[in-house]
Structure formats: structure tokens, C-alpha cells
Amino acid sequence: MTWKHGLQIAYLAVGFLTVLEFIFIRGMFTWLPMVLAVAVFGAANVIVSCRDREWLPACHYILSAVALCMGYLVLA
């Protein structure tokens, strides 16, 4: 497994944990680490995808990062 696949799996896990946190906890202080984790891993995947000239996956990572954080921004 390459580090690119590792980043993709990490982003998938962070996204899954973010959804679980939003559904079950929606805590006052737990949203910030989740949003930061989504932003960090999403940005890393966007950079790797753009570096490899894979534009469609890069757009997908941007869209999914915005979608994962949208609920928190509405609540804030």
C-alpha cells in the first residue's frame, strides 16, 4: 500500500468519524478537532491529486470536505 492510498483511507476514516460525531455527540468542543481533521486530510488529498493531475478526485475531496463541515458551520 502506498502513502497515497494511506491518505485516502485516513480521509475515509476521518469522514466516517465526523459523521458519527455529528449524529451522536454534536458536542460543544468536539466539533473543532473533527473539522480540523477533515480540513487537514482533505487538503492533503487535494494536493496529492492535483500533483498527479487528477482533477476529478481533487474536486471530489473539496466537495466532500465542504459537505462534512457544512453542518457544523450552520450550527456555529
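Okay, so let's start with confidence: among the elements of the chain, helix H2 (residues 31–51) has the highest mean pLDDT, 97, and helix H3 (residues 55–75) the lowest, 94. pLDDT is the predictor's confidence in each residue, from 0 to 100, and helices here are DSSP runs of H or I, at least four residues, numbered from the N terminus. The chain as a whole averages 94, with 99% of the residues at 70 or above.

Quick housekeeping. This is a predicted model, so local features need pLDDT of at least 70 and side-chain atom pairs count only at 80 or more, while totals for chains, interfaces and linings use all residues. Residues are numbered from 1 along each chain as its sequence is written, and side-chain values use heavy atoms, with hydrogens and water left out.

Now the salt bridges, meaning a side-chain nitrogen of Lys or Arg within 4 Å of a carboxyl oxygen of Asp or Glu. The count comes to three. Asp52 pairs with Lys4, closest N and O atoms 3.0 Å apart; that ties the loop between H2 and H3 to helix H1, across 48 residues. Lys4 also bridges to Glu54, again at 3.0 Å, and those two are 50 residues apart in sequence. Then Asp52 meets Arg51 at 3.2 Å, N to O. Shared partners join Lys4, Arg51, Asp52 and Glu54 into one network.

What about the inside? The largest nonpolar core has ten residues, including Tyr11, Val38, Tyr61, Ala65 and Tyr72. By nonpolar core I mean buried Ala, Val, Leu, Ile, Met, Phe, Trp, Tyr and Cys residues joined through side-chain atoms within 4.5 Å. H1, H2 and H3 each supply at least two residues of this core. Tyr61, in helix H3, counts as buried because its relative accessibility is 11%; the cut-offs are under 20% for buried, over 50% for exposed, and partly exposed in between, with a 1.4 Å probe and protein chains only. Skipping residues up to four places away in sequence, Tyr61 touches Gln8, Tyr11, Gly42, Asn45, Val46 and Ser49, where contact means heavy atoms within 4.5 Å.

Last one: Glu21, in helix H1 (residues 3–25). Which side chain of opposite charge is nearest to Glu21? Arg26, at 7.4 Å, and Glu21 is buried with no salt bridge. For charges, Lys and Arg are positive, Asp and Glu negative, and His and the chain ends aren't counted. Glu21 does touch Thr30, Trp31, Met34 and Tyr72, among others.
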